[in-house]
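Please work through the exercises below with the structure in view. Each task is followed by a solution in steps.

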Amino acid sequence: MADTSDTRTPAQIEADIRRRRETLAETLDEIGVRVHPKTIVGDAKARVVANVDHTLGRAYVQVNRAVSDVRAQLVDEEGAPRLERVVPLALVVVGVVGLLALSTRRRKG
């Protein structure tokens, strides 16, 4: 903090005033940059991108975990398919696809 005693010379007082003006000018420039519409929009975009990246990262982890769980159900430790689980699942998939194909044929006809 500046010396406020009466022993300062006019040159010291002028130097203090000059320093304070420079500090105020820097602060005003910084405020001007912060409240500029482009800066505000840029900051908002950056926050949105960060949130999207975070959400996508979490979704990736969840999907990866689900795929690993399904793989663990359908493949044994050696990597061979577990036929007792794969065959019934394949039959269900074929049945659902067949039903969907039949239902679309009935709508067209």
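The exercises that follow concern a predicted model.

**Exercise 1.** Determine which element has the lowest mean pLDDT and which the highest.

*Solution.* Begin with the whole protein: the average pLDDT is 90, and 93% of the residues score at least 70. Next, turn to the elements. Helix α3, residues 83–108, has the lowest mean pLDDT, at 89. The highest mean, 94, belongs to α1.

**Exercise 2.** Decide whether Asp-16 is buried or exposed, and identify its side-chain partner.

*Solution.* First, locate the residue: Asp-16 belongs to helix α1. Its relative accessible area is 11%. Buried means under 20%, so Asp-16 is buried. Finally, the side chain of Asp-16 makes a polar contact with that of Arg-8, at 2.4 Å.

**Exercise 3.** Classify Arg-20 as buried or exposed, and state how far it lies from Arg-65.

*Solution.* Arg-20 is also placed in helix α1. Its relative accessibility is 54%. The cut-off for exposed is over 50%; therefore Arg-20 counts as exposed. As for the distance, Arg-20 and Arg-65 are separated by 45 residues in sequence and by 59 Å in space, C-alpha to C-alpha.

**Exercise 4.** Describe the setting of Val-35 and the surface patch to which it contributes.

*Solution.* Val-35 lies in the loop that runs between α1 (10–34) and α2 (37–74). With a relative accessible area of 53%, Val-35 is exposed. Together with Leu-28, Ile-31 and Ile-40, Val-35 makes a nonpolar surface patch of about 390 Å².

Conventions:
Residues numbered from 1 in each chain as written. Predicted model: local features only at pLDDT ≥ 70, side-chain atom pairs only at ≥ 80, totals over all residues. Heavy atoms only, no water. Patch = residues over 30% accessible without salt bridge, like charges linked within 9 Å, V, L, I, M, F, W, Y side chains within 5 Å. Areas by Shrake-Rupley, 256 points an atom, 1.4 Å probe, with all protein chains shown as cover. Salt bridge = Lys/Arg side-chain N within 4 Å of Asp/Glu carboxyl O. Helix = DSSP H or I, 4+ residues; strand = E, 2+ residues; numbered from the N terminus. Buried < 20%, exposed > 50% of the residue type's maximum accessible area, 1.4 Å probe, protein only. Polar contact = N/O pair within 3.5 Å; in protein donor to acceptor, adjacent residues only side chain to side chain. pLDDT = per-residue confidence, 0-100.
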